[in-house]
Structure formats: structure tokens, C-alpha cells
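Let's take a walk through this protein together, from its overall layout down to single side chains. Have the viewer open and click along as we go.

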Amino acid sequence: MLLLWTCLNFILVVSLARPQNVDSASSNSKCKVTPSSLKWPSKSDWKALNQSVSGRLIAPVPPGAVCHPTRPEFNPQSCTVLSQQWSTESFHALNPVSVDYNDDTCPPNAALPCSSDGYPAYVIAATNVNDVQQGVKFAARTGVRLIVKGTGHDVPGR
């Protein structure tokens, strides 16, 4: 899943999905490619995409990983801060990887499992129209799943 994200009034997430049953997906032209399918973009494809978006392509880590001692990202201080922010809408809205619903594959609780399966394989931290265009074109050309993450906005900017 490729995710496009921007700090403007919306977040555009191009998510490259990680579905579990991919054998049939790789042979069905209507299914999106996944990291384990043969048609998944190559490292050079991702490198080219990263260059086209001025280095804003991210291979994200689940935010809750900082609370899991078995993960290399483990950081007790960051876990304390994350645990305080986890239940707020603003944390999930502003985080390019997290969502404020169904974000339970790696919660900030060491007693629970932590997996990357519920998160995008890549995120584009889009800051301009070109970033968005490049992400959409890449998804169309390669068949990766495109997900737009938006915080929403209205005339007053809420």
C-alpha cells in the first residue's frame, strides 16, 4: 500500500496494501499487487518514485512499535508520549501512517502483539501537487493500491 500524505489542510495517503491472500491476486488482473506478489514494483521503481517526489517516500514503521521491547524502534520515552497521545484524534489525523479507527495491529501496549500488516508499505509525505500527481501516476502504472488519507476541511479550515 502506498500512502500519500501532506501537511496542508488534508492528508493524501497513497497506501500500498499488505493483504494476506495474494496468490490469487497476482493472477487476477482486477486485484491490486501486494509486496509478496510477482508484479510488486522493484526496488529501482521505488527509488525512482522517491526521486520524483524529492525524497518524500517513507517506508513507515507502526507508531506503536516504540512501545514493544522486541522491536528495534523500542524507546520508553517515546512510548510514554505516544501512550498519552494515542487516544486523541489529532495524533492519528496528523500522523501519516496511523488512522483513528482500526489501528490495532500495533498498539502502544507491550502486552499486545505488534505487526506491520495493518500499515502501508510506503507513504508519500506529499507537500505539493507534483508529489500527489507522481503518487497517483505510480499507482496507476504499477497497480499498487492507492489510498487517500484526508483529515477533511471546510471553509473555516476545520
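What follows starts with the fold, moves into the core and its rings, and ends with charges and a few single residues.

First, keep in mind that this is a predicted model. The protein has 5 helices and 4 strands. Reading from the N terminus, those elements come in the order β-α-α-β-α-α-β-α-β. Of the 158 residues in the protein, 38% are buried.

Now for the inside. In soluble globular proteins, nonpolar side chains tend to be buried together. Here the largest nonpolar core has 12 residues, among them Val33, Trp40, Trp46, Leu49, Ile124 and Phe138. Which elements give two or more residues to this core? They are helix H2, spanning 43-52, and helix H5, spanning 129-142. There is also a second, separate core of 11 residues, and it includes Val66, Cys79, Leu82 and Phe91.

Let's zoom in on the aromatic rings. The structure holds 4 aromatic pairs. One of them is Trp46 with Tyr122, a stacked pair at 4.0 Å centre to centre with 20° between the planes. Trp46 sits in helix H2 and Tyr122 in strand E3, so to speak two distant parts of the chain, 76 residues apart, linked by this pair. Is Trp46 buried or exposed? At 4% relative accessibility, Trp46 counts as buried, because the cut-off for that label is under 20%.

Trp46 has another ring partner. The centres of the Trp46 and Phe138 rings are 4.8 Å apart and their planes meet at 50°, so this pair is tilted. Since Trp46 belongs to helix H2 and Phe138 to helix H5, the pair ties together parts that are 92 residues apart in sequence. Phe138 is buried too, with a relative accessible area of 2%. If you colour the rings, you can pick out the whole group: ring pairs link Trp40, Trp46, Tyr122 and Phe138 into a cluster. Trp40, Trp46 and Phe138 are also members of the largest nonpolar core.

On to the charges. Side chains of opposite charge can pair when their charged atoms come close. How many salt bridges does a search of the whole structure find? It finds 2. In one, Asp131 pairs with Arg56, and the closest N and O atoms are 2.6 Å apart. This pair also links distant parts of the chain, with Asp131 in helix H5 and Arg56 in the loop between H2 and E2, 75 residues apart. The two ends sit in unlike surroundings: Asp131 is buried, with a relative accessible area of 0%, whereas Arg56 counts as partly exposed at 21% relative accessibility. In the other salt bridge, the side chains of Arg71 and Glu73 meet at 3.1 Å, N to O. Glu73 is partly exposed, with a relative accessible area of 26%.

The loop that holds Arg56 is worth a second look. Ser54 is found there as well, between H2 and strand E2, which covers 57-58. Ser54 has a positive phi of about 55° although it is not a glycine. With a relative accessible area of 54%, Ser54 is exposed, because that value is over the 50% cut-off.

Another serine gives a contrasting picture. Ser98 lies in the loop between helix H4 (89-94) and strand E3 (122-125). Ser98 is buried, with a relative accessible area of 0%. Which side chain does the side chain of Ser98 make a polar contact with? The partner is the side chain of His92, at 2.4 Å.

Ala65 is another loop residue to click on, placed between E2 and helix H3 (76-85). Ala65 counts as buried at 0% relative accessibility. Its C-alpha atom is separated by 9.0 Å from that of Ser116, and the two residues are 51 residues apart along the chain.

Finally, let's turn to the outside. Val136, Leu146 and Val148 make a nonpolar surface patch of about 230 Å². Leu146 has its place in strand E4, residues 146-148. Leu146 is partly exposed, with a relative accessible area of 35%.

How values were computed: Residues numbered from 1 in each chain as written. Predicted model: local features only at pLDDT ≥ 70, side-chain atom pairs only at ≥ 80, totals over all residues. Heavy atoms only, no water. Core = buried A, V, L, I, M, F, W, Y, C linked by side-chain atoms within 4.5 Å. Buried < 20%, exposed > 50% of the residue type's maximum accessible area, 1.4 Å probe, protein only. Polar contact = N/O pair within 3.5 Å; in protein donor to acceptor, adjacent residues only side chain to side chain. Patch = residues over 30% accessible without salt bridge, like charges linked within 9 Å, V, L, I, M, F, W, Y side chains within 5 Å. Areas by Shrake-Rupley, 256 points an atom, 1.4 Å probe, with all protein chains shown as cover. Salt bridge = Lys/Arg side-chain N within 4 Å of Asp/Glu carboxyl O. Phe/Tyr/Trp six-rings, centres within 6.5 Å; stacked < 30°, edge-to-face > 60°.
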